[in-house]
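Let's take a walk through this protein together, one piece at a time. Have the sequence and the 3D view ready, and follow along as we go.

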Amino acid sequence: RLGIDIQGGVDVTFVPENGVDATDEQLDSVMEVIKQRLSSLKINDSEVYQDNANDRVIVRFPWQAGEKDFDPKAAVKELGETAVLSFRVGTDTNEDGSPAGDVVLEGKDVLKAEPMRQPENDGTYSYVVSLKLSDTAKETFATVTQTMAGTGESISIWMDNDMISAPTVNEAITNGEAVISGNFTADSAKSLADKINSGALPFKLEISSFKTISPTLGTGALKAMIISGLIAFAFIAIYMMYFYKILGFVAAVSIIGQVSVTLACISGWFGFMPSSTLTIPGIAGIILTVGMGVDANVITGERIREELNAGKSLDTALRSGYKRAFSSILDGNLTSMIVAVILMAAFGTPDSFLASGLNKVLSLFGIGATTEGVIYSFGFTLFVGTLLNFIMGVFASRLMVTSLSRFKVFRNKKLYGGASNE
């Protein structure tokens with residue numbers, strides 16, 4: 001996935017209007033409303049985060065491929081409007097897709113909706129959504145459900161013009177407490193409860209920050225970075241092979257492997273980790289780790305050359321050179337990994353493992369998780385690339401070099417930057 005700084009898109013932060021102190025439950029509901037509206041706008045590749053500490057909801061979505069007439073300001077305004085929740089008789093719609101059934105309840109009539117576990121006859125449990133109605137709605141709902149009970153008809157639940165559920169009325173509900181049952185999981189029951197609760201939010205949203213990025217600008221920057229990166233790598237590979245011969249060739253191979261595995265981690269190619277979004281700072285992180293990989297191989301090449309020029313045998317020089325270089329490589333890479341972890345914690349999602357673990361430390365400096373995805377991408381690629389620098393630039397390179405040195409044709413010390421065997 002390409003970030004909005006490459007593909008272009010919208011980055012907006014919503015806060016409660018008039019400085020309302022929102023609860024965590026209300027922010028959960030706001031998130032569900034926004035996700036529902038993004039889906040109805042056919043915006044599927046979006047990111048929605050909530051920052052409970054600062055009462056903020058951050059929304060990012062990129063331009064769609066080939067999109068030319070999309071109005072980002074209108075879309076963002078629609079996202080921030082108060083949701084309209086309604087319970088209606090039946091599931092019929094008008095020609096424009098809006099609900100046609102008579103309104104039974106509105107969002108303000110639902111005091112609370114929450115997911116619950118309900119025991120079944122066979123001893124198992126199922127997930128349901130419990131509703132508690134206001135006193136005025138209680139009588140209306142009782143009258144309607146008495147009429148509909150046993151008819152097989154449904155009371156549909158609508159968020160704006162999108163139907164989010166349509167439970168069948170099995171019996172009259174006269175106590176003001178209803179249960180919506182179905183094939184719910186714990187997550188889907190909570191999601192429906194959040195959507196229902198969102199219809200009765202006591203505040204409106206206002207835009208705290210808003211920015212758009214042209215897809216042309218991002219695409220141009222991406223092409224420029226790719227071309228410059230390939231040219232730089234070509235010069236680096238030639239330089240390494242000229243001065244360090246076999247060591248330089250192996251270094252080029254290891255760097256290609258390092259970049260390839262980094263891109264695989266970002267794309268979610270490995271099943272044990274989800275995909276991440278690649279941004280321009282993320283690409284800069286990859287380029288930075290390539291430089292660190294080159295540095296590691298240069299340090300190793302110089303150590304091996306020193307050992308060879310001191311008169312040691314090839315095998316001894318290789319072992320000693322890698323051993324002497326490791327401590328220097330470790331110091332530099334470990335520092336970069338610490339920086340990367342802090343960046344991922346400070347600019348990742350507020351409920352992430354890193355943000356939760358370092359939140360208290362960051363708060364001492366007035367820093368909270370801001371979900372600035374472009375910076376998080378830099379931290380992620382820096383961390384992954386630095387880790388792979390150990391794997392590819394140290395261990396894999398050592399394995400390749402020592403393997404090649406076993407062949408008689410590659411036993412000449414000159415091929416490793418040292419003096420000839422003669």
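Before anything else, a word we'll lean on: two residues are in contact when they have heavy atoms within 4.5 Å of each other. Keep in mind, too, that what you're looking at is a predicted model.

With that in hand, here's the overall view. Take the contacts in the protein chain between residues at least 6 apart in sequence: 69% of them join residues at least 24 apart. The chain has 422 residues, and 44% of them are buried. You'll find 11 helices and 11 strands in it. As for the outside, the accessible surface comes to about 21,800 Å², with 57% of that belonging to carbon and sulfur atoms.

Now let's zoom in on a sheet. Four strands make up an open sheet, in the order 5-4-8-9, and their pairing is antiparallel. Who sits at the edges? Strand 5 and strand 9 (162–165) do, and each has a single partner strand, so one side of each is left without a neighbour in the sheet. On average, neighbouring strands here are turned by 35° against each other, if you ignore direction.

Strand 4 is a good place to look inside this sheet. On one side, strand 4 pairs with strand 8 in the antiparallel sense, over 5 bridges. Along that pairing, Phe 87 stands opposite Ile 157 in strand 8, and Arg 88 stands opposite Ser 156 in strand 8. Strand 4 is also joined to strand 5 by 3 bridges, again running antiparallel. Here Arg 88 turns up once more, with Val 103 as its bridge partner in strand 5. Strand 4 is mostly covered, too: 4 of its 5 residues are buried.

What about the edge strand at the other end? Ser 165 has its place in strand 9. Is Ser 165 buried or exposed? Buried means under 20% relative accessible area, and Ser 165 has 13% relative accessibility, so it counts as buried. Leaving aside neighbours within four places in sequence, Ser 165 is in contact with Ile 155, Ser 156, Ile 157, Ile 180 and Leu 192. Two of those names should ring a bell: Ile 157 stands opposite Phe 87, and Ser 156 stands opposite Arg 88.

Next, find helix 4, which covers residues 135–148. From its first C-alpha to its last, this 14-residue helix reaches 20 Å, close to the 20 Å expected at 1.5 Å a residue. Which of its residues are buried? They are Ala 137, Phe 141, Ala 142, Thr 145 and Met 148. Seen down the axis of helix 4, the buried residues fall within an arc of 140°, so they line one face of the helix. There's a general point behind this: an α-helix has 3.6 residues a turn, so residues three or four places apart point the same way. The face turned away from the buried side of helix 4 carries the exposed residues Thr 136, Glu 139, Gln 146 and Thr 147.

So what does the buried side of helix 4 pack against? Its buried residues pack against strand 4, strand 5, strand 7, strand 8 and strand 10. Helix 4 lies across strand 4, strand 5 and strand 8, running at about 145° to strand 5. Just after helix 4, Gly 150 takes a positive phi of about 80°.

Strand 7 and strand 10 deserve a look of their own. Strand 6 (residues 110–119) pairs with strand 7 (residues 125–133) in the antiparallel sense, over 9 bridges. The two form a hairpin with 5 residues between them, and Gly 123 in the turn has a positive phi of about 90°. Strand 7 is also joined by 5 bridges to strand 10 (residues 177–184), and this pair runs antiparallel as well. Val 129 in strand 7 ties the picture together: Pro 115 stands opposite Val 129, while the bridge partner of Val 129 in strand 10 is Ile 180. And Ile 180 is one of the contacts of Ser 165.

Finally, jump further along the chain to Tyr 322, in helix 9 (residues 314–347). At 7% relative accessibility, Tyr 322 counts as buried. Not counting residues up to four places away in sequence, Tyr 322 touches Leu 247, Thr 300, Ile 304, Val 394, Ser 397, Arg 398 and Val 401. The C-alpha atoms of Tyr 322 and Glu 302, 20 residues apart along the chain, are separated by 10.0 Å.

Key:
Residues are numbered from 1 along each chain as its sequence is written. This is a predicted model: local features need pLDDT of at least 70, side-chain atom pairs count only at pLDDT 80 or more; totals for chains, interfaces and linings use all residues. Side-chain values use heavy atoms; hydrogens and water are left out. Two strands pair if DSSP finds at least two bridges between them. The expected span of a helix is 1.5 Å times one less than its number of residues. Buried means under 20% relative accessible area, exposed over 50%, partly exposed in between (1.4 Å probe, protein chains only). The arc is that of the directions from the helix axis to the C-beta atoms. Accessible areas come from the Shrake-Rupley method with a 1.4 Å probe; for residues, only the protein chains shown count as cover. Axes are lines fitted to C-alpha atoms, for helices over the stretch in contact, and angles run from 0 to 180 degrees between N-to-C directions.
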